[in-house]
Amino acid sequence: MAALMVAPSLPLADAGGDDIKRKLRGHIARRNLAGAANDCKWNELLAFMRGQTEWLPSYRYGSVSGYVSRWDTEWDYHPPFPFMGVEWFDIGLTSEEHVGMLLPKIIIDHGVWIVPELERIGFDFEVRDRVARIWGYLPRNYHDFPPAD
């Protein structure tokens, strides 16, 4: 009898061991941070981005521990699990298309479909200079976020 192959489930927002969650709770308590997002909202964002087939935006995040990630585009296994440690989460809203060597590149605005989804999910977020920043905790942290116009 042939064995049934089942694809492994992708990690969700709460993925991570008790030790790391305990450490994150310590950072959150020491910094007196108030939650602005939750696992349900983060899971909705993950499902939405993982469901995109044409283009995936880049993202980076700032942890409650002070760590700031590099930009990444892999949404299955690279996001910051568990999301309870995400102080802020940036999403790039544009891509560049090169038409030819002598022609200027074309900037494609993906914010037209990303921003409405962030609103629908109910995130506390702000858009500046082609980047949407979602706050996982308050007060809002503007570290390395483009200045307001």
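1. On the outward side of helix α2, Cys 40 and Ala 47 are exposed, that is, over 50% relative accessible area. The structure is a predicted model, and the points below should be read with that in mind.

2. The opposite side of α2 holds Lys 41, Trp 42, Leu 45, Leu 46, Phe 48 and Met 49, which are buried. Viewed along the helix axis, the buried residues of α2 lie within an arc of 165°, so they line one face of the helix. Lys 41 is worth a look in the viewer, as it is listed among the buried residues of α2.

3. Several elements cover that buried set. Among those in contact with the buried residues of α2 are the strands β3 (86-92) and β7 (131-135), together with helix α3 (111-121).

4. As for its geometry, α2 runs over residues 39-50, 12 residues in total. From first C-alpha to last, α2 reaches 16 Å, close to the 16 Å expected at 1.5 Å a residue.

5. The start of α2 has a polar contact: a side-chain oxygen of Asn 38 comes to within 3.1 Å of the backbone nitrogen of Cys 40. Cys 40 is also one of the exposed residues of point 1.

6. A separate matter is the largest pocket, with a volume of about 190 Å³. Its lining consists of 13 residues, of which Ile 20, Leu 24, Ser 63, Ser 65 and Gly 85 are the closest to the pocket centre. Two elements, α1 (18-30) and β2 (59-63), each give two or more residues to this lining. Helix α1 supplies the largest share, 4 residues.

How values were computed: Residues are numbered from 1 along each chain as its sequence is written. This is a predicted model: local features need pLDDT of at least 70, side-chain atom pairs count only at pLDDT 80 or more; totals for chains, interfaces and linings use all residues. Side-chain values use heavy atoms; hydrogens and water are left out. The expected span of a helix is 1.5 Å times one less than its number of residues. Buried means under 20% relative accessible area, exposed over 50%, partly exposed in between (1.4 Å probe, protein chains only). The arc is that of the directions from the helix axis to the C-beta atoms. Contact means heavy atoms within 4.5 Å. A polar contact is a pair of N or O atoms within 3.5 Å; within protein, one must be able to donate a hydrogen and the other to accept it, and residues adjacent in sequence count only if both atoms are side-chain atoms. On a 1 Å grid over the protein atoms alone, a cavity is a set of points where a 1.4 Å probe fits but cannot get out, and a pocket is an open set with protein on both sides within 12 Å along at least five of seven lines; lining residues have an atom within 4 Å of a point. Grid points are joined across faces, edges and corners, and a volume is the space filled by probe spheres set on the points.
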